[in-house]
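Me: I would like to work through this structure by question and answer, beginning with the ligand and moving on to the strands and the charged side chains. Please show the sequence and the structure before we start.

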Amino acid sequence: MKTIIGNWKMNLGVRESVALARSSLLLLRGKKVAPHMVICPSTIALSEVRKVVARSGCGLGAQNVSSEEQGAFTGETSARMLFEVGATHVIIGHSERRHLFGETDEGVNAKMLKALEHNLTPIVCVGETKEERTAGHVKKVILHQLGTAFKTVRPKFSETLFVAYEPVWAIGTGETPSVQEIVEVHTYIREILGELFPTAPETAFAVLYGGSVNGENAYSFLREKEIDGLLVGGASVKIHQLKEIVDAACEVLIAQS
Ligand code: PGA
């Protein structure tokens, strides 16, 4: 299976989100084999978009979640609230949250625990900065981020958990690592997860790539068996780009079936 997750960031209001959700679903219609899709609108659009995706098989993700259960946390949204409005997934530790809003690995861990407690499937993002890459610290950074994010986490493994490898320098820049480099990091991520969860079944985790994915490069990533799917930002709100990405996924799935 291949999964395409659209992170719409802070780009669309409620009406635009409903419209994009409808046209995104249309891309899957009539396909014999299709990727699993998850769309992540802004929090205010979740309940309306839920009506569009209901019974479609498309997941509905939030872009962030509070690490707290409830209480005096102005501006925050709890996992219980997200679940109540129909979210099935939640992005945790996106690099924009880490770098613009000071989110830490420990905070990511607290959010993971809350998400799982309230039946939201985490999409946890990891990835190195340009400086860390230049210094040769990619693996060290990923190991630390994943080790902390999953600390004391006991997934039930009934749902696939997502880990997205998103190098910070590749997000929204048009730059990406080579396919070979991505495959290497994905293999390493699987090794780490295997050590953290030795009894986890093969389907327990899906490792996605994110960062400047578009209609042109999607196929080259998706055809690698180590890359279980893509976390797409900018291109996921441009329907012609998303169409090319979905078509690339279908092509790969047909070739592999
Ligand atoms: P991008 O963003 O596809 O626009 O680079 C990816 C992301 O932030 O998840």
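**Ligand, strands and charged pairs**

Me: Which residue has a backbone N or O atom 2.6 Å from an oxygen atom of the ligand?

Reply: The backbone N or O atom that lies 2.6 Å from a ligand oxygen, a polar contact (N or O atoms within 3.5 Å; within protein, one must be able to donate a hydrogen and the other to accept it, and residues adjacent in sequence count only if both atoms are side-chain atoms), belongs to Gly172. This is a predicted model, in which local features need pLDDT of at least 70 and side-chain atom pairs count only at pLDDT 80 or more, while totals for chains, interfaces and linings use all residues. Residues are numbered from 1 along each chain as its sequence is written, and side-chain values use heavy atoms, with hydrogens and water left out. The residue asked for is Gly172.

Me: How many residues are around the ligand?

Reply: A residue is near the ligand if one of its heavy atoms lies within 4 Å of it, and those that come nearest are Lys9, His94, Glu166, Gly172 and Ser212. The side chain of Lys9 has an N or O atom 2.7 Å from a ligand oxygen, and for the side chain of His94 the corresponding distance is 2.6 Å. The number of residues around the ligand is 13.

Me: Is strand β5 largely enclosed or left open by the rest of the structure?

Reply: Strands (E, at least two residues) and helices (H or I, at least four) are DSSP runs numbered from the N terminus, and a residue is buried under 20% relative accessible area, exposed over 50% and partly exposed in between (1.4 Å probe, protein chains only). Thr121, Ile123 and Cys125 on one side of β5 are buried, as are Pro122, Val124 and Val126 on the other. Because 6 of its 6 residues are buried, β5 is largely enclosed.

Me: Which residue in β6 is the bridge partner of Val126?

Reply: Two strands pair if DSSP finds at least two bridges between them, and β5 (residues 121-126) is joined to β6 by 4 bridges in the parallel sense. Strand β4 (residues 89-92) also pairs with β5 in the parallel sense over 4 bridges, with His89 opposite Thr121. In β6, Val163 stands opposite Val124, and the partner of Val126 is Tyr165.

Me: Which hand does the crossover from β6 to β7 have?

Reply: Strand β6 (residues 161-165) has 5 of its 5 residues buried, and 5 bridges join it in parallel to β7 (residues 205-210), where Leu208 is the partner of Ala164. The chain passes from β6 through helix α8 (residues 179-196) to β7. A crossover is right-handed if, with the strands pointing away from the viewer, the path from the first strand over the helix to the second runs clockwise. By that rule, this β-α-β crossover is right-handed.

Me: How many residues apart are Lys31 and Asp247?

Reply: The side chains of these two residues form a salt bridge at 3.3 Å, N to O, where a salt bridge is a side-chain nitrogen of Lys or Arg within 4 Å of a carboxyl oxygen of Asp or Glu. Lys31 is partly exposed at 32% relative accessibility, and Asp247 is partly exposed at 25%. Lys31 lies in the loop between α1 (14-26) and β2 (36-40) and Asp247 in helix α10 (residues 239-256), so that the pair links distant parts of the chain, the separation being 216 residues.

Me: What is the relative accessible area of Asp228, the salt-bridge partner of Arg190?

Reply: The Arg190 and Asp228 side chains meet at 2.8 Å, N to O. Arg190 is in helix α8 and Asp228 in the loop between α9 (218-222) and β8 (229-232), 38 residues apart. Arg190 counts as partly exposed at 30%, whereas Asp228 is buried, with a relative accessible area of 14%.

Me: Which residue has its backbone oxygen 2.7 Å from a polar atom of the Lys2 side chain?

Reply: Lys2 sits in the segment before β1 (3-7) and is buried at 3% relative accessibility. Not counting residues up to four places away in sequence, Lys2 is in contact (heavy atoms within 4.5 Å) with residues including Pro35, His36, Ile227 and Asp228. The backbone oxygen in question belongs to Ile227.
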